[in-house]
Each structure stands twice: as C-alpha cells, then as structure tokens.
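I opened this notebook to record what I looked up in the structure shown below, one topic at a time.

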Amino acid sequence: MNANQEKPIIYLSARQVQGGAELARQLIFFGFECQAFSKQSALLAAMYTRAPFAVLLGEAGLEDCAAEKIIPLIGKLSRGPLLYLTSSLSVVQQIHLMKIGVSDFVYFPLDIQKLIDRLDVLLEQSLSIPYRVLIVDDSDAMGKVSANILIKAGMEVQVLKNPLDVFFPLERFSPDIVLMDVYMPQCSGDEIAKVIRQYTQFDSVPIVFLSTETNRIKQLMARSMGGDDFWVKNMPEEELIASVNMTCARYRSLRRWMSCDSLTTLLNHTHIIEFLERCVVRSKKEAFSLSFAMIDIDHFKKINDNYGHSIGDQVIKSLARLLRQSINGEGAAGRYGGEEFAVVFTETSLVRAAQKVDDWRKRFSELIQSSNDIQFQVTFSAGVAALKNSMDAAQLIDAADTALYQAKHAGRNQVGLHQA
C-alpha cells in the first residue's frame, strides 16, 4: 500500500465483541483503519459518509438494533464483505444469514491472526490491478487499434514498433502478456520470441502472435519458436478482450504459484535473489542507490519449542504481512528461508533503508502474539548493506548477512549497518 493511498477502513460493532480494543489495535497495526460503533444511527451515518472495506458485526448486534435487522441495511450501503462474529451457528442459520447479507463467519474465541489473514485475502480480491499488455507491431495503425480496444477495457498498454527494443519494456513495464506481430522488417515475431525465451525471468510471460496469417502449419511453426498461442488480427473486440483477460489471469495465477512462498505470499528464495540480481544490474546502468536488508526473527527456536510450530508459522506470517504492507513499491521483500527474510530497497540509501527497517523492528516488537490464553511479544534483528561499485549481488548479500551477525552478537533486537 503506497503512503498516499487511503487505508481500507473496517467498521466494528462494539457490543459484546470480546477483545475489541486489541482487535482494533492489531487491525491498525496491519494497515487498516478501524472504527467501532454501538448505535445504529452512528454506524449508518458513517457508512453514508464513507463506505467501509468491511464490516465486523457481532451476533449481539448494536445497543439499539438486533444483528438481523441491521444486516440488510449494511448490505444496501456497502458492497464490501460483512463478517459475522458468533459463538456457534447451525447450517440452516448460516444459510439464512447469508441470504440477508452476511458473507463470512468468524467464531469465538476470536483468533485475531486468522481474522486478519481472511481480511488480507478479501482485500487482495477487492483490488483490481489492471492487466499490462505489450503490443509489438511495426504498423502504427494496427498497434493503435488493438491498444485502444484494450485500454477501453481497463488495461494498461504499451505499443512498440521495433521488436529489437523489446527487452527494456519487458523489464520495466513487466507485461502480463506480449501480443507480437509475426511479420516485421527488423526480424520476425517468432525469431524475437525465441530470443526472449533465452532469459529465465521472461520465460513464462505469455507471447501471443497476432497476424493475418491463416495457414495452420505456419501458425504452429511460429508457436514452436516460443509463442503460446496464435490469434488472427481483426478478431471481434469482445473476443480479443476476453482472450487477453483469460490469458493474463492464468499467467498471474501461475506466476504467483511459481514465485511466491506458500506460507507468507512473499517472493520465495529463488525469486527474491533474481530480483536483487536484476536490480544490481539496473543500479549500475542507471546510477541509482540500492540497499539490501537481511532480517531474522530472534530466538525463533524457543517460539517453536514453547508454543508449537503452528504458532511459529503465525509469527512468520505476521512479520511477512508487515513487510508486504510497508515496502510501498520501493523494492521487494522475500522469505529467504525459515525465519529469515530479505528486503531489496531500490533508489534508497543505506541510512534511509536502515531507518525503515528500524521502524519495522519497533512496530513488530509491539505486536501482541497469542497462543491460546498466553500472549507474548517477538523481536527481530537485521543487517543492512548498500551496493558499492565493485559488488555483485552475492557480495551484497554477504555484506548484509555480516551486519545481521553483528546485530545479533550485540544483543539482538537491533539493526546493524555494513560499513565498507
């Protein structure tokens, strides 16, 4: 979430919601705004003013209105999810509540971490990130026709005339699909597709050939060179939009499955390192600052030993959520392995990166973790290093790891800086 974006707000019914103050505090910690209501008039007035991302309604309802009476009114004023907090419900009761507007059920005793996990999923589903389409076509007219159709459908589109210049937009625009003309004067579409497939970071990007070619054998030969499909130019607008939507949706799903850690949804070890390597190359070409941090949860083995591995996973997920919401598009965060995380800061100096990590350290140490009726707090240590001219990615990682070791050796719960 970017700093200038409005935080998603959650409206909470205050009556008989156990641990309501702690719930509100943790929601705020993880990037949500939270406002509690006890009266129907106040809740409805707030919804008229600002529609919430979600509403958490306890089964006791409000002081002046039963839950079943307020649910339909909430549904008229908000399209967001309505989560019903309850002790127990039969299947018949659940079906009835869903018919009148409840979308999810949350059961007491309230597991705040699981609730926030669910809210994260719902928030991600609500965010409509436009598909990015790169059109490579030497014909201005043909490229603009396809671009205008897709732009009107809400997509982001870049048009490139010279296929030999394709690598810059592939890297910087990061398209979800490439629509490639087959016959171009500089080189053919299948030739440049074959070159693109030599680079592992672009190997999975869908390349679809657009051409007037109708010979099926020639189409299959072109696809064998690195394309994923072959569409005929001047297809109906609805067909083009639907085909792009389906291809991009599948690509994003597969990319997430391949590149993200299953527990945290951050980049996995391989892909955070690949991201760092690309940033190192760009940093040296474009002369921007690049910093890198290694973060390690303190005394993690004791957490697993004392509370169990499921609680250990909960702690890992809570730190991952903090990193994901705090990076603000200024780089990337990944799970390096176990309880270790890696963060790449693009266009960020060593001092500024260290300040950010130290702010995360303070915030994380204030978060209340829970295991049954036991509450506890956790800290992390970190090491931060900045790229120097002679460094490669591996050396930058080693520098941050050395700074992390120094922080742990000095007593943990602090940030070490690599000074070269």
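The entries below go through the cores, two strand residues, the salt bridges and a surface patch.

**Entry 1, cores.** I note at the outset that I am working from a predicted model. I looked up the largest nonpolar core, which has 53 residues, and found Ile 295, Val 357 and Trp 360 listed as those with the most contacts inside it. Helix α13, spanning residues 309-326, gives the most to this core, with seven residues. I then followed Ile 295, which, leaving aside neighbours within four places in sequence, is in contact with residues including Leu 319, Leu 323, Phe 341, Val 343, Val 357, Trp 360 and Phe 380. A second, separate core has 22 residues, among them Ile 273, Cys 279, Phe 292 and Ala 342.

**Entry 2, two strand residues.** I looked up Thr 86, which lies in strand β4 (residues 82-86), and I count Thr 86 as buried because its relative accessible area is 0%, under the 20% limit. Its side chain makes a polar contact of 2.6 Å with the side chain of Glu 59, and Thr 86 also touches Val 106, Tyr 107 and Phe 108. I turned next to Asp 104 in strand β5 (residues 104-107), which counts as buried at 12% relative accessibility. The side chain of Asp 104 makes a polar contact with that of Ser 103 at 3.2 Å, while the residues that Asp 104 touches beyond four places in sequence include Pro 81, Tyr 84 and Arg 118.

**Entry 3, salt bridges.** How many salt bridges does the structure hold? I find 17. In one of them the side chains of Arg 172 and Glu 286 meet at 3.1 Å, N to O, and this pair links distant parts of the chain, with Arg 172 in helix α7 and Glu 286 in helix α11, 114 residues apart. Arg 172 is partly exposed at 39% relative accessibility, and Glu 286 is partly exposed at 38%.

Within helix α14 (residues 350-366), I looked up Asp 358 and Arg 361, three residues apart, about one turn of the helix; their closest N and O atoms are 2.7 Å apart in a salt bridge. Asp 358 also forms a salt bridge with Lys 362, at 3.7 Å. Here Asp 358 is partly exposed at 22%, Arg 361 is buried at 12%, and Lys 362 is partly exposed at 43%. Elsewhere, salt bridges that share partners join Arg 132, Asp 176, Arg 252 and Arg 255 into one network.

**Entry 4, surface.** Finally I looked up a nonpolar patch on the surface, formed by Leu 254, Trp 257 and Met 258, with about 360 Å² of accessible area together. Trp 257 lies in helix α10 (residues 237-259) and is exposed, with a relative accessible area of 70%.

Terms used
Residues numbered from 1 in each chain as written. Predicted model: local features only at pLDDT ≥ 70, side-chain atom pairs only at ≥ 80, totals over all residues. Heavy atoms only, no water. Patch = residues over 30% accessible without salt bridge, like charges linked within 9 Å, V, L, I, M, F, W, Y side chains within 5 Å. Areas by Shrake-Rupley, 256 points an atom, 1.4 Å probe, with all protein chains shown as cover. Salt bridge = Lys/Arg side-chain N within 4 Å of Asp/Glu carboxyl O. Helix = DSSP H or I, 4+ residues; strand = E, 2+ residues; numbered from the N terminus. Buried < 20%, exposed > 50% of the residue type's maximum accessible area, 1.4 Å probe, protein only. Polar contact = N/O pair within 3.5 Å; in protein donor to acceptor, adjacent residues only side chain to side chain. Contact = heavy atoms within 4.5 Å. Core = buried A, V, L, I, M, F, W, Y, C linked by side-chain atoms within 4.5 Å.
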